[in-house]
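Here are a few exercises to work through with the model open beside you. Try each task before reading its solution.

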Amino acid sequence: MMPLWFVLVAPIAVALVIAAAGRGPVRYTRWLALVGPVAAAWAGAERLADAGRETGVAAEAVSWFVTQTGSIDVGASADPIASIMLVVVGVVASMVVVFSFGYMAEDASQPRYFALLSAFTAAMTGLVLSTSLVGLFIAWELVGACSYLLIGFWFTKPSAARAAVKAFLVTRVGDVGLLFALALLWRETGTLVTADVLAAVPTLAPATITTAALLLFVGAAGKSAQFPLHVWLPDAMEGPTPVSALIHAATMVAAGVFLLARTWPLFEASETARLVVLIIGTVTALGAATIAVPQTDIKRVLAYSTISQLGFMFAALGAGAWVAAFFHLVTHAAFKSLLFLASGSVIHGSGTQDLREMGGLGRAMPVTAATWAVGVAALAGLPPLAGFFSKDAVLDAVWVHAPVAGAALFIASALTAFYSFRATRLAFSGTFRGAGHPHESPLVMKVPLVVLAVLAATLGAGSWWFAELLGGHAGLAIPIAVASTIIAGLSAVAGWALYKTGPAADDRLAGALGGLWRAAAGAYGIDALVMRGAAASERGAATASERFDTRLVDGLVRGIAWLARRVGREFNELQSGESQLYAALVGAGAVLLASLALWLGR
Amino acid sequence: MTLALLIAIPLAGALVSAVVGRSTAVARIIALAASLGTAGVAAVVWQAYASSAEALTYEFTMDGAGSFLRLAADGLSVPLVALTALLGIIAVLASWNVERIGTHMSLLLALEAAVIGVFLAADLILFYVAWEAVLIPMFFLIGGWGHENRRYAAMKFFIYTFAGSALMLVGLVLLVVLGGTGTGMPATPLPIEPASQTLVFWLLAAGLLVKIPVVPLHTWLPDAHVEAPTAGSIMLAGVLLKMGAYGIARISIPYTPDAFAAAAPILAALGVIGIVYGAAMALGQCDLKRLVAYSSVAHMGFVVLGLASGTELGLQGAMLGMVSHGLVAGLLFFLVGALYERAHTRDIGAFGGLGVTLPRWATIFVVASLASLGLPGLSGFPGEFASVVAGFGRFGFVIAVAGIGIVLAGAYTLRAVRLVVHGEPAATQAPADGLQPAALRDLDARELLIAVPLVALIVALGIWPRLVTDIAAATLGALASLAGTVS
């Protein structure tokens, strides 16, 4: 069986090798970036195949930090959800690496790129495999750092540099929540080994459980771009598109969902925490879906779509259906990374990200168009694609638990289908509106698209196996499935039909909806508000402390200094310059000391 | 005897260098040899302590005069001595091309001897003498080799720390008188009578807290840092700041445990204020060196918070924080100094796109920055983590305020990276003296020799903090039970 240490260490070693080898042999060394992902997928698949008999082999824990009263341990093991995540991360990362061979072929900084992808794989598998919350937190921060470095990959572009910082800082707000969750759990349980912490949940006070759960959720909301910490994800699209597919669609942003699944007993024990998760998830799912509708940048449509779909997952978690949420995480990873890679192919072949400048790409890029079509159908939740099954599970759980939230999610699904088919028609139908001649991407980019399309089409069949493995309930809720299919189908048709006329339909809709359209197009100004608030408090803090420093504190010191100079002048008319004064002072001090020492020492 | 060598070697180097240091080559060789020798002895001491876990002691006695050079090395002092010896080499290498090199190296080595003296002193008077002796070379380094405002900065540095030490001296004298056991510091000193502890504690704190420094006693630090030559900044941030925290652990906790326990919430508050305030100030800086200086205030805030918790975890966090900050701030000051040598400006706005023009410098700067903001896997994280967790355990959700500082640390660090490393290289303006950005050259072999080992240590300590904590464990554990047994 593939040892877990290899899954963790190999991609780090690979990253170092690729970086050290540099630009010359990168055409060969970049293949090494596949080692980590393939090992991860392999290790996960092996363990899943074994799952009936044995759940995970715990690696030996290592004491990372030791005190007399307790030690902080880290270790790795693969239980079923970790194994599933390993496969997800491994498969998506492999496809992204292969796709990047073509997408990044012209880039001069390929060694840095592939090294960072490999490092990200290591960090992400570490997050998944960690047996302790400390290890998880370490990996959690490291995936964030890799995300920062990859969003800012084209760092000479000021917008990319800014987006990278924004992503890091907004998620860090969440990370502080996670840090204090750890501090609280350490104080209350004396351990940070995940299993031990969770075993201690029944002994904790309800208030402690709720506080810890909410703090964990703050961390999850930052990483998974939940309202109001979602503002970083659209900007993160500044990174290379394959990076968006891997980090900002399939894996890192899903880490929040994974975290809640991993610490589920805490949430199970706190109704308040689950209610908060449900509300935030639902608000995010619906809000982001409305914002996705009027976006004209194909990557921003996908970014808001990702935020919205993560909202679906959190809503399911809030409704208590973590298995449904986790299932949606898996299918979403497949179809959303597919959509991002396809959009990368579109950008590569058409030279633009603007839907208004596209059109007619279906003829020019048949493979990209076909795979994209599978992706949007899955995203829209049309049967029998993967998204249909997982979204049905989410809708069912939320509808039963809280009909109001369920209704909101139905509206969000309708919008999802609408914006999916709007974007599809704008990009692939009609005639090309941009400059130049769009062309299909090379084979090395088409193969990953096809592989992911097959997964996005067929993963739904896994829903029974999934439920059996994780102990959730399986099977379609027929009324919900029928209703959601009708709603999604009609919205998809509406999106497709309305945009027959191309981008002009935007204006008609904007005219009909007025302020609502504009507000959604501007993401309701939340981003602007958050950024203005952050900038103002930043400036405020800096100025206030600057004033305190220069006026009050230094004023006092200058007063003392002035006094000292006066005294010095009185005493030392013969000597000039301050250094003599101090030398004299020190000399006097030394004499004083020597006599004191002699007196005391006797 | 080995302990005495730790002071004697740099001191001898200082004397020789002052006498024959006219020749640049000779001064370099002597300084390098002395600092390497000191580091070698430090490594021996480390090894000896690591294998026996018994404190090393040394005593020099003279007939009639009693003993007056009492030294000891335990888990609290060994890591800091090693850090000092390491940064001593770095500082020597970083001042390879200064003017009047003989005197410069002499002062640097004298400084190293004095700081090691502070960390090894097993005698209250020796502690004080070494403490004051640190001031003198530092004062002259700033005054003699500093930048435009060096006189102001040197004086401010002197007044602050001297005023603090004067009060500390009174505190030490009281300690000796009230303790009634002479000036020697046994391995586990007896606390003085509870009634006088508060007075003594705060007198000592006056000197110790200025040195750390805690807000609002910190304003000497940015000025001193900005004006000091690179080697001065490295030693100042790297080891001088640790003297204050060391003093709290070495003297305040064992001699005045009740007063320490009573003052712990105040110390914790000062720590948290430092974390937030230092970060907020760093965010507003345009001078790269000043930014790093304020970040030191924030980092030392974590150290104070860890100390204040009085638990073993917190003390370990403080120790890790000190060692990590020594490495990271040392590296950052070195990098900023190297940049200043080339561009003759430290204005953040004057740079941009160094990731393209100076890739080696930029890569190391990004690593150091990530370490500075506390990224796990690098040395800054374990100490911060332990301090916050321990502080939370003792003081509760008040400590969450430090979370603001954690976010701000990301903000000021990455702002600097964005403005200096990222962006278009074309945006690099010609510095004041007309030097063209094309003339900037990347780090050379000597500079890589300084930076790469520091990076390696930063990574190693980040992955495996027990490199330091295992050495410190026994001493800090005993200290924690002292701080913890108090009613």
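**Exercise 1. Work out how chain B is put together overall.**

Start with the contacts in chain B that have a separation of 6 or more: residues 24 or more positions apart account for 81% of them. Keep in mind that this is a predicted model. Next, look at burial: of the 487 residues of chain B, 66% count as buried. Now list the secondary structure, which comes to 18 helices and two strands in chain B. Then check the radius of gyration: chain B has 21 Å, close to the 23 Å that the globule rule gives for 487 residues, so chain B is as compact as a globular protein of that length. Finally, the C-alpha trace of chain B spans about 65 × 55 × 40 Å along its principal axes.

**Exercise 2. Decide how H5 and H9 of chain B run relative to each other: roughly parallel or roughly antiparallel?**

Find helix H5 (residues 124–145) and helix H9 (residues 230–255) in chain B; their axes come within 12 Å and cross at roughly 160 degrees. Angles over 145 degrees count as roughly antiparallel, and H5(B) and H9(B) are therefore roughly antiparallel to each other. The crossing is left-handed. Now pick out who touches whom: H5(B) brings Trp131(B), Val134(B), Met138(B), Leu141(B) and Ile142(B), while H9(B) brings Gly232(B), Leu236(B), Leu240(B) and Met243(B). Sort these by class and you get eight nonpolar, one polar and no charged residues.

**Exercise 3. Do the same for H9 and H14 of chain A.**

Helix H9 (residues 206–223) and helix H14 (residues 271–292) of chain A pack at about 25 degrees, with their axes 9 Å apart. That makes H9(A) roughly parallel to H14(A). The crossing of this pair is right-handed. On the H9(A) side the contact uses Thr210(A), Ala213(A), Leu214(A), Phe217(A) and Ala221(A); on the H14(A) side, Thr272(A), Ala273(A), Val276(A), Val277(A) and Ile280(A). The class count is eight nonpolar, two polar and no charged residues.

**Exercise 4. Describe the side of chain A that touches chain B.**

First the head count: 52 residues come from chain A and 57 residues from chain B. Then ask which elements of chain A give two or more residues to this side: strand E1 (62–67) and helices H6 (133–151), H7 (158–189), H26 (526–571) and H27 (578–601). H7(A) gives the most, with 15 residues. By class, this side of chain A divides into 32 nonpolar, 10 polar and 10 charged residues.

**Exercise 5. Is Gly375(A) buried or exposed?**

Locate Gly375(A) in helix H18 (residues 366–380) of chain A. Count its surroundings: Gly375(A) has 30 other C-beta atoms within 10 Å, so it is buried. Leaving out residues up to four places away in sequence, Gly375(A) touches Phe335(A), Leu338(A), Leu339(A), Ala342(A), Ala453(A) and Ala456(A).

**Exercise 6. Track down some backbone oddities.**

Begin with cis peptide bonds in chain A. One runs from Phe227(A) to Pro228(A), with omega near 0 degrees, and Pro228(A) sits in the loop between H9 and helix H10 (232–235). Another joins Pro383(A) and Pro384(A), with omega about 5 degrees; Pro384(A) is in the loop between H18 and helix H19 (386–401).

Then move to chain B and look for positive phi. Arg100(B), not a glycine, has a phi of about 45 degrees and lies in the loop between helix H3 (78–94) and helix H4 (101–120). His344(B), also not a glycine, has a positive phi of about 60 degrees and is partly exposed, with 13 other C-beta atoms within 10 Å.

Technical notes
Residues are numbered from 1 along each chain as its sequence is written. Chains are lettered from A and ligands numbered from 1 in the order in which they are written. This is a predicted model: local features need pLDDT of at least 70, side-chain atom pairs count only at pLDDT 80 or more; totals for chains, interfaces and linings use all residues. Axes are lines fitted to C-alpha atoms, for helices over the stretch in contact, and angles run from 0 to 180 degrees between N-to-C directions. Helices (H or I, at least four residues) and strands (E, at least two) are DSSP runs, numbered from the N terminus. Angles under 35 degrees count as roughly parallel, over 145 as roughly antiparallel, 65 to 115 as roughly perpendicular and the rest as oblique. A crossing is left-handed if the near helix is turned anticlockwise from the far one by less than a right angle, and right-handed if clockwise. Two residues are in contact if their C-beta atoms, placed from the backbone, lie within 7 Å. Ala, Val, Leu, Ile, Met, Phe, Trp, Tyr, Cys and Pro count as nonpolar, Asp, Glu, Lys and Arg as charged, and the others, Gly among them, as polar. The radius of gyration is taken over C-alpha atoms; the globule rule is 2.2 Å times the number of residues to the power 0.38. A residue is buried if 20 or more other C-beta atoms lie within 10 Å of its own, exposed if 12 or fewer, and partly exposed in between; C-beta atoms are placed from the backbone.
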